[in-house]
Amino acid sequence: MNRLSIITVTTLSLILGFSLPAGNAFGQQKVEETTDIEGINAASQVFMAAISARDIGAMDKVWAHEPYATFIGPLSTTVVAGWDGVRKAWEMRFSQFDRVTISLAESHVRTNGKVAWTVGIEKVRLLRKNGDTLSFDAFVTNVIENHDGRWLMVSHQATPIFRGPGN
């Protein structure tokens, strides 16, 4: 075999030898990523349902009970850190309103191993105890972690979108 033939055969075997496993690994990664995104979207829906129902028991199930959990709601004046504080913040929020309606107008999901984040826009409508309503759109960022196959919230931040006149 001449030198050109050896280089050609070596190159082809390297290409064929490495492309099949990489292709299979890539395909598997896409399947796992799709499954993860479905799980993350489901966790987000359960989270929004818990807010709308003002159900602290449901919040207990959707949040990771971690000291690094954080909460900054659209009406917050401080950053709440730690699960106990986050839970108290939700209890306080739920007690302020007779009705809470939240829908997701836009969502972008990204995963990286056992961590995911969603960024989007929520439409929020609140009915205060005194009968006043408050409606606004909010930018939202949620950080979710996979704990033994379950995607659980570890951080929530919602910031009202301030729109100028005519917007």
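Ala-158 is buried, because its relative accessibility is 2% and the cut-off for burial is under 20%. The residue sits in strand 6 of what is a predicted model. Its C-alpha atom lies 5.6 Å from that of Phe-139, although 19 residues separate the two along the chain. Beyond its neighbours within four places in sequence, Ala-158 touches Ile-72, Gly-73, Pro-74, Glu-122, Ala-138, Phe-139 and Val-140.

Those contacts lead into the sheet. It is open and built from 6 strands, in the order 2-1-6-5-4-3, with mixed pairing. Strand 2 (80–81) and strand 3 stand at the edges; each has a single partner strand, so one side of each lacks a neighbour in the sheet. Strands of a sheet pair through backbone hydrogen bonds, either parallel or antiparallel.

Start with strand 6. Strand 1 (residues 70–72) runs parallel to strand 6, and 3 bridges join them. Here Phe-71 faces His-156 of strand 6. Strand 5 is also joined to strand 6, by 10 bridges, and this pairing is antiparallel. His-156 appears again, now opposite Asn-142. The hairpin of strand 5 and strand 6 has 2 residues between the strands, and Asp-148 in the turn has a positive phi of about 55°.

Move on to strand 4. Strand 4 and strand 5 run antiparallel and share 13 bridges. Glu-122 stands opposite Ala-138 of strand 5; both are among the residues in contact with Ala-158. The hairpin between strand 4 and strand 5 has 4 residues between the strands, and Gly-131 takes a positive phi near 95°.

Strand 3 comes next. It pairs with strand 4 over 14 bridges, in the antiparallel sense. One of the bridge partners is Leu-127 in strand 4, which is matched with Arg-99. The hairpin of strand 3 and strand 4 has 2 residues between the strands. Gly-113 in that turn has a positive phi of about 70°.

Now the helices. Helix 3 covers residues 83–96, which is 14 residues. At 1.5 Å a residue it should span 20 Å, and its end C-alpha atoms are 20 Å apart, so the two values agree. Its buried residues are Trp-83, Val-86, Ala-89, Trp-90, Arg-93 and Phe-94. They cover an arc of only 130° around the axis, which means that they lie on the same side of helix 3. An α-helix has 3.6 residues a turn, so residues three or four places apart point the same way. On the other side of helix 3, Asp-84 and Lys-88 are exposed.

What does the largest nonpolar core contain? It has 31 residues, and those with the most contacts inside it are Phe-47, Ile-51, Met-59, Trp-63, Val-86 and Trp-90. Two or more residues each come from helix 1 (3–53), helix 2 (56–62), helix 3, strand 3 (97–112), strand 4 (115–128), strand 5 (133–147) and strand 6 (150–160). Helix 1 gives the most, with 6 residues. Ile-51 shows how such parts meet. Leaving aside neighbours within four places in sequence, Ile-51 is in contact with Met-59, Trp-90, Phe-94, Val-100 and Ile-102.

Aromatic rings add a further layer. A pair of aromatic rings is described by the distance of the centres and the angle of the planes. The count of aromatic pairs is 5. One of them joins Phe-47 and Trp-90, edge-to-face, with 5.8 Å centre to centre and 85° between the planes. This pair links distant parts of the chain, since Phe-47 is in helix 1 and Trp-90 in helix 3, 43 residues apart. Phe-47 counts as buried at 0% relative accessibility. Trp-90 is buried too, with a relative accessible area of 5%.

Trp-63 and Trp-83 make another pair, with ring centres 6.0 Å apart and planes at 35°, so the pair is tilted. Trp-63 lies in the loop between helix 2 and strand 1, and Trp-83 in helix 3, so the pair ties together parts 20 residues apart in sequence. Both Trp-63 and Trp-83 are buried.

Which residues form the one aromatic cluster? They are Phe-47, Trp-63, Phe-71, Trp-83, Trp-90 and Phe-94. Phe-71 brings the account back to the sheet, where it stands opposite His-156 in strand 6.

Conventions
Residues are numbered from 1 along each chain as its sequence is written. This is a predicted model: local features need pLDDT of at least 70, side-chain atom pairs count only at pLDDT 80 or more; totals for chains, interfaces and linings use all residues. Side-chain values use heavy atoms; hydrogens and water are left out. The expected span of a helix is 1.5 Å times one less than its number of residues. Buried means under 20% relative accessible area, exposed over 50%, partly exposed in between (1.4 Å probe, protein chains only). The arc is that of the directions from the helix axis to the C-beta atoms. A nonpolar core is a set of buried Ala, Val, Leu, Ile, Met, Phe, Trp, Tyr and Cys residues joined through side-chain atoms within 4.5 Å. Contact means heavy atoms within 4.5 Å. Two strands pair if DSSP finds at least two bridges between them. Rings of Phe, Tyr and Trp (its six-membered ring) pair if their centres lie within 6.5 Å; planes under 30 degrees apart count as stacked, over 60 as edge-to-face and the rest as tilted.
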